[in-house]
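Here is a walk through a protein structure for someone meeting it for the first time. Have a look at the picture, then read on.

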Amino acid sequence: MSSQINSVPMLDLKRQFKVIGEEMNDALRRVNETGQFVLGPEVKKLEEGIAAYSKTKRAVGCASGSDALLLALMAIKAGEGDEIIAPSFTFFATASCIPRVGADVVFADIDPVTFCLNPEDVRKKLTKKTKAIIVVHLFGQAADMRAFQEIANDYQKKYGRKLYLIEDSAQAIGAELEGIQVGNWGDASCVSFYPTKNLGGAGDGGMVLSNDDEIADRVLLLRGHGMSPRYYHKEIGINSRLDSYQAAILNVKLPYLDSWSNSRNANAARYEELFAKAGLQEKIVTPVKVGNRRHVWNQYTIRVLNGRRDALRAYLLEKKVGVDIYYPLGLHQQECFAYLGYKPEALPETLKAANEVLALPIFPELLPEEQQYLVDCVSAFYK
């Protein structure tokens, strides 16, 4: 075991600040000088920058990734009598937006290889009431959007009604499928700028991307109380505006995003090599990068076999190795969704993943020596 390293953080944003801290401070000073703290030129610049980066037609900033999902559903006029299909193995915000617009939540299972929504299980859950599918690009890898596009096309032929595809890209900005970035496959894509994301601010922030002007215009209207022009309200919207401080910081960080994603990929490849050398194949399963996709590794999530996950986690934390569980419980098992009547085993792959997954540090500034120490600790646990 390495003698020089004796701890590994799960995430250390201070390392990032050492490189770009002066740029960030300068950006915040410029905002102070303008006195424009909500929306304003920094937000407009970010919206244009994210649209250009993602190769989407429009991008509309909002207060959080959670609000981005809510605004997307409001924009497609989802409501009472509609069903929205979503994965259960995801962050809470993916599903919490659904009852907030009055629609019914329908949970579907995941693909065990990618952890993303399983198209085959989604097909089984479709009804005439299905309004949309929220597809999560989980942990930084694009879901099989080609399959979901086929589902949406088949649905329209069968029912004569559009089936919307909402991409939850909160963990996957910059990820690609077949060379096409996430955000270009569905009707709208929702991004989070929470500090732990690959492109993270210094607080909450989000954005809705769309190639559909009607959807983008509705998000633009709804994020500001449905007001246009000022003090004239066309609809009942919400207050979800992106503030200039967050936008200014994100404008500094955006040019670095691809290099950070490349570093995450290098870290993932190093983990794969180190775990292979350690001979732990019968103890853990390392994550799979599907061949036709660009993975951006918001999380590096292993499966710990034979019921040892919680014991390994406790051991690593004792050794000062930062690890976490995303997610310890499927949403279909959460108390607030008990009214839906799902049994734990109703979504078997979700249940299995929740009992096995363990996320390891993958942030761009992670040192090779820290990765070696982590793998040495895992090996020591099994010895």
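## Phe-115, tucked away

Let's start with Phe-115, which is buried because its relative accessible area is 6%, under the 20% cut-off. You'll find Phe-115 in the loop between β3 (residues 104-108) and α5 (residues 119-125). Keep in mind that this is a predicted model.

There's something else to spot here: Phe-115 isn't a glycine, yet its phi is positive, at about 70°. As background, most residues other than glycine have a negative phi.

## Two more positive phi angles

Leu-39 is another non-glycine with a positive phi, this time about 55°. Leu-39 sits in the loop that runs between α1 (13-34) and α2 (40-54). Is Leu-39 buried or partly exposed? With 22% relative accessibility, Leu-39 counts as partly exposed, because buried would require a value under 20%.

Then there's Lys-77, which comes after helix α3. Its phi is positive too, near 60°.

## Helix α3

Now for the helix itself. How many of the 11 residues of α3 are buried? The count is 10, so this helix, covering residues 65-75, is mostly covered. Among the buried ones are Leu-69, Leu-70, Leu-71 and Leu-73. The list also includes Ala-68, Ala-72 and Ala-75, as well as Gly-65, Asp-67 and Met-74.

At the start of α3, take a look at Ser-64. One of its side-chain oxygens comes to within 3.4 Å of the backbone nitrogen of Ser-66.

## Cis bonds, and a loop with two tyrosines

Most peptide bonds are trans. Where can you find a cis one in this model? Try the bond from Ser-228 to Pro-229, with omega near -5°. Pro-229 belongs to the loop between α7 (213-222) and α8 (244-253).

The bond from Tyr-326 to Tyr-327 is cis as well, and its omega is near 20°. Tyr-327 is in the loop between α10 (309-318) and α11 (348-356). Tyr-339 is also placed in the loop between α10 and α11. Tyr-339 counts as exposed because its relative accessible area is 55%, and the cut-off is over 50%. Which residues does Tyr-339 touch, leaving aside its neighbours within four places in sequence? Tyr-339 is in contact with Pro-99 and Val-105.

## Stepping back to the whole protein

Time to zoom out. The protein has 12 helices and 13 strands, and its C-alpha trace spans about 65 × 55 × 35 Å along the principal axes. Its radius of gyration is 21 Å, which agrees with the value near 21 Å that a compact globule of 383 residues would have. Of those 383 residues, 55% are buried.

What about contacts along the chain? Taking the contacts between residues at least 6 apart in sequence, 71% join residues that are at least 24 apart.

On the outside, the accessible surface adds up to about 16600 Å². Carbon and sulfur atoms account for 50% of that surface. As for charge, the protein carries 46 positive and 47 negative charges, and the mean positions of the two sets are 1 Å apart.

Terms used. Residues are numbered from 1 along each chain as its sequence is written. This is a predicted model: local features need pLDDT of at least 70, side-chain atom pairs count only at pLDDT 80 or more; totals for chains, interfaces and linings use all residues. Side-chain values use heavy atoms; hydrogens and water are left out. Helices (H or I, at least four residues) and strands (E, at least two) are DSSP runs, numbered from the N terminus. The radius of gyration is taken over C-alpha atoms; the globule rule is 2.2 Å times the number of residues to the power 0.38. Buried means under 20% relative accessible area, exposed over 50%, partly exposed in between (1.4 Å probe, protein chains only). Contact means heavy atoms within 4.5 Å. Accessible areas come from the Shrake-Rupley method with a 1.4 Å probe; for residues, only the protein chains shown count as cover. Lys and Arg count as positive and Asp and Glu as negative; His and the chain ends are not counted. The place of a charge is taken as NZ of Lys, CZ of Arg, CG of Asp or CD of Glu. A polar contact is a pair of N or O atoms within 3.5 Å; within protein, one must be able to donate a hydrogen and the other to accept it, and residues adjacent in sequence count only if both atoms are side-chain atoms.
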